[in-house]
Amino acid sequence: MPNLPHKTFCLYTYGCQMNEHDSERIAGILESHGAVQVDTIEEAEIAVFVTCCIREAADVRLMGQVASIKNIPLPEGSTLAKRMVCIGGCIGQRDGDALPGKLAHVDVVFGTQNIERLPYLLEAAMAEGGHHVEVLEKSTTFSTDLPSKREHPWAAWLPITVGCNNFCTYCIVPYVRGRERSRALEDIAADARALVADGVKEITLLGQNVNSYGRDLYGEPRFADVLRAVSESGVERLRFATSHPKDLTREVIDLYGTLDNLMPSLHLPVQSGSNRILKAMNRRYTVERYLELIEAMREVNPDVSLSTDIIVGFPGETEEDFQATYDLVKRVGYSQVFTFIYSPREGTPAASMVDDTPREVIQRRFDSLVDLVQENAFEQNQRFVGRELSVLVEGASKRDDHVLTGHSPHNVTVHAPLPEGVDIDDLVGRIVPVRIDHARAWYLSGGVLDA
Ligand code: SAH
Ligand code: SF4
Ligand code: F3S
């Protein structure tokens with residue numbers, strides 16, 4: 001058993017919720033070996049980067065961050081000769097042995113499939129010096145079997161699948177996260193019950209495509225079964241990410257009308273409003289099919305907030321294709337849209353497609369979409385004015401200690417002045433009623449009714 005008594009570590013987490021969840025596991029694993037988590041690099045003898053390579057900007061940022069900590073001295077009293085720098089996550093998985101060549105002061109490289117090996121690699125690096133790289137093709141365990149240190153006591157990620165089989169032509173994820181594997185339904189249900197018993201108010205089920213859950217399991221349980229089972233745990237708020245339109249079933253949509261704790265928000269990435277581009281992306285649905293799903297959803301519950309992801313500037317995107325995307329966004333009326341400029345990722349099919357749209361044209365399209373998204377969000381949020389919403393309090397607002405911040409069931413940020421004589425620590429992790437007075441594009445504000 002490696003021993004890291006009182007060694008201090010800090011974590012840098014980039015990318016998606018999978019990484020956020022992995023970081024909670026990494027913190028749990030390191031602490032189970034005696035290490036202690038700290039908030040700043042100055043206090044840390046070990047720096048762990050949990051990385052993302054979904055777009056080029058993520059790569060560039062990581063390189064800059066790792067380089068920038070190089071000359072920061074070790075905390076006083078450390079017995080180490082140098083700060084241990086560890087790189088895990090999707091860049092670790094992708095680059096493996098090539099990483100120390102790019103970043104000479106890196107000590108440990110691990111991947112997405114072997115986070116439990118980090119203490120062993122660290123111990124070896126501390127004892128022997130040199131670079132310790134270990135990346136596995138495929139893990140035999142689920143990270144959910146490992147110790148965890150939740151970032152917030154009231155919220156938990158619960159992975160139901162790992163990996164992805166979809167191979168959208170622009171996307172690196174299937175190459176760095178491996179093939180899709182589902183966890184047993186009983187294990188997921190047992191985890192949900194344990195989390196609720198531990199005081200968790202909100203569970204977010206995780207998977208790159210939660211809708212394809214169960215295809216690799218005996219009896220082929222479906223995602224709707226997972227939703228029902230986790231809902232039965234009695235958790236107050238149930239969410240999930242991410243949902244692929246090609247596999248979203250009517251059965252799941254109908255659950256928005258029957259499961260009280262399934263929150264009224266759905267993230268359904270569309271990527272493009274042009275059938276030609278969707279085909280080139282290998283998304284395997286049409287705009288018409290996507291709109292049918294949205295319509296069905298709104299019939300079941302018109303109050304569900306919708307969000308999506310859009311890529312602008314996919315190779316060969318014409319003005320007409322972009323206009324179709326713009327029209328789709330306008331037509332659906334999303335509460336939130338995550339907009340991305342296409343970034344070629346080496347090894348993916350799209351990286352070798354002809355890509356000759358000028359950068360300025362793509363930027364102009366992107367900017368006009370961002371403006372539309374903001375208008376849509378503003379309009380969508382107006383429906384909450386005058387309503388009483390339950391808000392899960394996360395803490396004081398970053399800008400003002402006297403204002404609490406949290407999320408509504410629709411996943412919209414809500415701010416409200418802290419009631420007279422109430423300590424924020426007494427409200428954090430609780431669900432309080434807030435009457436909404438104002439709605440902006442990115443948040444709502446109002447007053448706490450009864451804390
Ligand atoms: N599994 C999720 C998405 C994971 S990545 C899903 O299928 O919805 C999150 C988002 O990043 C994607 O939805 C896509 O919009 C964007 N993205 C992925 N690869 C990209 C690339 N090469 N360039 C730009 N955006 C990309
Ligand atoms: Fe990437 Fe597509 Fe898989 Fe999402 S579904 S992770 S976009 S390959
Ligand atoms: Fe990034 Fe890896 Fe997630 S590439 S988006 S951290 S799966």
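This is a short tour of two sheets, three ligands and two unusual backbone spots in a predicted model.

**Stop 1: the first sheet**

Start by selecting strands 7, 10 and 11. Together they make an open sheet of three strands, ordered 7-10-11, and the pairing is parallel. Look at the two edges: strand 7 (155–159) and strand 11 (237–241) each have a single partner strand, so one side of each has no neighbour in the sheet. Turn the view slowly to follow the twist, which averages 25 degrees from one strand to the next.

Now keep strand 10 (residues 202–206) and strand 11 in view. These two pair in the parallel sense over five bridges. For one place to look, show Ile-203, which stands opposite Leu-238 in strand 11.

Next, add helix 1 (residues 17–32). Which strands does helix 1 lie across? Its path crosses strand 7, strand 10 and strand 11, and helix 1 runs at about 105 degrees to strand 7.

**Stop 2: a cis peptide bond**

Stay with strand 11 and move on to Ala-241 and Thr-242. The peptide bond that joins these two residues is cis, with omega about 0 degrees. Thr-242 belongs to the loop between strand 11 and helix 9 (250–255). Why pause here? Because most peptide bonds are trans.

**Stop 3: ligand 2 and Phe-167**

Select ligand 2 and show its surroundings: Cys-164, Asn-166, Phe-167, Cys-168, Tyr-170, Cys-171, Val-173, Pro-174, Gln-208, His-244 and Arg-283. By class, this shell around ligand 2 holds seven nonpolar residues, three polar ones and one charged one.

Pick out Phe-167 from this shell. Is the phi of Phe-167 positive or negative? It is positive, at about 50 degrees, although Phe-167 is not a glycine. For comparison, most residues other than glycine have a negative phi. You will find Phe-167 in the loop between strand 8 (161–162) and helix 6 (173–177).

**Stop 4: ligand 3**

Now select ligand 3. Around it are Gly-15, Cys-16, Asn-19, Thr-51, Cys-52, Cys-53, Ile-54, Cys-90, Val-173, Arg-177 and Gln-208. How many nonpolar residues does the shell around ligand 3 have? There are six, along with four polar residues and one charged residue. Val-173 and Gln-208 are listed around ligand 3, and both are also among the residues around ligand 2.

**Stop 5: ligand 1**

Move to ligand 1 and show the 15 residues around it; Tyr-170, Gln-208, Gln-271, Asp-309 and Ser-343 come nearest. By class, the shell around ligand 1 divides into seven nonpolar, four polar and four charged residues.

Try three distances in your viewer:

- From a nitrogen atom of ligand 1 to a polar backbone atom of Tyr-170: 3.0 Å.
- From a nitrogen atom of ligand 1 to a polar backbone atom of Gln-208: 2.9 Å.
- From an oxygen atom of ligand 1 to an N or O atom in the side chain of Gln-271: 2.7 Å.

Then switch on a surface. On its own, ligand 1 has 540 Å² of accessible area, and the protein covers 90% of that. Two strands take part in the shell: strand 13 (305–312) and strand 14 (336–341) each supply at least two of its residues. They lead us to the final stop.

**Stop 6: the second sheet**

Select strands 12, 13 and 14. They form an open sheet in the order 12-13-14, with parallel pairing. Strand 12 (265–267) and strand 14 are at the edges, each with a single partner strand, so one side of each lacks a neighbour in the sheet. On average, neighbouring strands here are turned by 15 degrees against each other, direction ignored.

Focus on strand 13 and strand 14, which pair in the parallel sense over six bridges. Show Val-312 and you can find its bridge partner, Ile-341, in strand 14. Last, add helix 13 (residues 359–381): helix 13 packs on the sheet and touches strand 13 and strand 14, and its direction makes about 175 degrees with that of strand 14.

Methods. Residues are numbered from 1 along each chain as its sequence is written. Chains are lettered from A and ligands numbered from 1 in the order in which they are written. This is a predicted model: local features need pLDDT of at least 70, side-chain atom pairs count only at pLDDT 80 or more; totals for chains, interfaces and linings use all residues. Side-chain values use heavy atoms; hydrogens and water are left out. Two strands pair if DSSP finds at least two bridges between them. Helices (H or I, at least four residues) and strands (E, at least two) are DSSP runs, numbered from the N terminus. Axes are lines fitted to C-alpha atoms, for helices over the stretch in contact, and angles run from 0 to 180 degrees between N-to-C directions. Contact means heavy atoms within 4.5 Å. A residue is near a molecule or strand if one of its heavy atoms lies within 4 Å of it. A polar contact is a pair of N or O atoms within 3.5 Å; within protein, one must be able to donate a hydrogen and the other to accept it, and residues adjacent in sequence count only if both atoms are side-chain atoms. Accessible areas come from the Shrake-Rupley method with a 1.4 Å probe; for residues, only the protein chains shown count as cover. Ala, Val, Leu, Ile, Met, Phe, Trp, Tyr, Cys and Pro count as nonpolar, Asp, Glu, Lys and Arg as charged, and the others, Gly among them, as polar.
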